[in-house]
Amino acid sequence: GGDPRSTRANLLDYANLLFLFITVSGLYLWLPAVWRWRTVRGLLLFQRRYINAKVRDFNWHHVFGAWMLVPLFVIALSGVVMSFPWANNAVYAAFGEAPPQRGGPPGAPGPQGPDGAQGRSGAARPDGADAVASGASLQQLFDAAAMQLPDWQRITLPLVQRGSRVELAVDLKSEERRPPRRTVVLDAASATVIEVRGSNVPEPTAGQKARTWFRFAHTGEQYGIVGQTLAGLASLAACFLVYTGLALAWRRLVRPLFNR
């Protein structure tokens, strides 16, 4: 699903939206009918022994769901924000801001967003076979940007470009989670540097900060090694939730059909 316009990418986006619904509805289904410690304990803690596989799957499903609900909700919600324009726009609208405009016609890859999802990082083919329009090759554009900013860490080139100018996003070497970024504007025909923007980057707005939070909360990077570890454990727990949920559904809904 590397192409954001492909069917596979769309299926991934809608599957993530469905997972968000499952996470929220799962909280409602988890709520015990009777709020007694003995009942709640059976939904929060693993049991030492299980009389059969059904009881085990029921216990595992509720325990993993209860302890990993918050991180799974954040992962799914942030994924929806990055997948759908309407969700991305809602983040900015919550702070009374208009979302940043992306160039290019509808359906075409636009400039790189806050999550750095579009474009290609690194060097292009050394033989210069790839080219933007009929002018300079991607390799020539890459070399021009690298010479302009020798302390670059990552250079992102647009795969589809229309017009006489090409904009390359350059991340500089830094210890920060979000390294300083510059935009190198080049002539598409000759790879001549026209301007370098971003040396005086304005303070990000509240909406931009929120959008950045969603981007790095999705992988747990927002909170360093602890956040990444928690996100990894939550993702592992999701595998158990899927397995136990399917096992319970099979016993409750499918198997009785064969026993009739």
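Partly exposed, as the term is used here, covers residues with a relative accessible area between the buried limit of under 20% and the exposed limit of over 50%. Arg165 is a handy case: its relative accessibility is 36%, so it counts as partly exposed. The model it sits in is a predicted one, and everything below should be read with that in mind.

Start with the overall layout. The protein chain has 260 residues, and 31% of them count as buried. Eight helices and five strands make up its secondary structure, and going along the sequence they run in the order α-α-α-α-α-β-α-β-β-β-β-α-α. Among contacts with a separation of 6 or more, 48% link residues that are 24 or more positions apart. As for confidence, the mean pLDDT of the chain is 82, with 83% of the residues at 70 or more. One stretch needs a caveat: over residues 103–133 the pLDDT stays under 50, and the model has 62 contacts beyond four places in sequence for that stretch.

Back to Arg165, which belongs to strand β3. Setting aside residues up to four places away in sequence, Arg165 touches Val185, Leu186, Ala188, Ile194, Glu195 and Arg197. With Leu186 the C-alpha to C-alpha distance is 5.7 Å, although 21 residues separate the pair in sequence. Glu167 is found in strand β3 too. Its relative accessible area is 37%, which lies between the 20% and 50% limits, so Glu167 is likewise partly exposed. Beyond its neighbours within four places, Glu167 is in contact with Pro158, Thr183, Val184, Val185 and Arg197. For Glu167 and Arg197, the C-alpha atoms are 9.8 Å apart, and the two residues are 30 apart in sequence.

Strand β3 also turns up in the largest nonpolar core. Nonpolar side chains tend to be buried together in soluble globular proteins. In this model the largest such core has 18 residues, and Leu141, Ile155, Leu157, Leu168 and Val170 have the most contacts inside it. At least two residues of the core come from each of α6 (138–148), β2 (152–157), β3 (165–172) and β4 (181–187). Helix α6 gives the largest share, with six residues.

Just past β4 there is a backbone oddity. Most residues other than glycine have a negative phi. Ala191 is not a glycine, yet its phi is positive, at about 65 degrees. This alanine sits in the loop between β4 and β5 (193–197). Is Ala191 buried or exposed? Its relative accessibility is 13%, which is under 20%, so Ala191 counts as buried.

The same 13% value comes up for Asn88, which is therefore buried as well. Asn88 is placed in helix α5 (residues 85–94). Leaving out neighbours within four places in sequence, its contacts are Val81, Pro99 and Arg211.

Next, the empty space. Rolling a probe the size of a water molecule over the atoms shows where such space is left. The second largest pocket holds about 730 Å³. Its lining takes in 25 residues, and those nearest the centre are Ile22, Gly26, Leu29, His61 and Leu241. Two or more lining residues come from each of α1 (7–30), α3 (53–67), α4 (69–83) and α8 (224–259). Which element supplies the largest share of this lining? That is α1, with 11 residues. Sorted by class, the lining has 17 nonpolar, seven polar and one charged residues.

Helix α8, one of the elements lining that pocket, holds two more residues worth a look. Leu236 lies in α8 and has a relative accessible area of 47%, which falls short of the over 50% needed for exposed, so this leucine is partly exposed. Leu236 and Phe64 are 172 residues apart in sequence, while their C-alpha atoms are 9.6 Å apart in space. Pro256 is in α8 as well. With a relative accessible area of 31%, Pro256 is partly exposed. Not counting residues up to four places away in sequence, Pro256 touches Trp250 and Arg251.

Note on methods:
Residues are numbered from 1 along each chain as its sequence is written. This is a predicted model: local features need pLDDT of at least 70, side-chain atom pairs count only at pLDDT 80 or more; totals for chains, interfaces and linings use all residues. Side-chain values use heavy atoms; hydrogens and water are left out. Helices (H or I, at least four residues) and strands (E, at least two) are DSSP runs, numbered from the N terminus. Buried means under 20% relative accessible area, exposed over 50%, partly exposed in between (1.4 Å probe, protein chains only). Contact means heavy atoms within 4.5 Å. On a 1 Å grid over the protein atoms alone, a cavity is a set of points where a 1.4 Å probe fits but cannot get out, and a pocket is an open set with protein on both sides within 12 Å along at least five of seven lines; lining residues have an atom within 4 Å of a point. Grid points are joined across faces, edges and corners, and a volume is the space filled by probe spheres set on the points. Ala, Val, Leu, Ile, Met, Phe, Trp, Tyr, Cys and Pro count as nonpolar, Asp, Glu, Lys and Arg as charged, and the others, Gly among them, as polar. A nonpolar core is a set of buried Ala, Val, Leu, Ile, Met, Phe, Trp, Tyr and Cys residues joined through side-chain atoms within 4.5 Å. pLDDT is the predictor's confidence in each residue, from 0 to 100.
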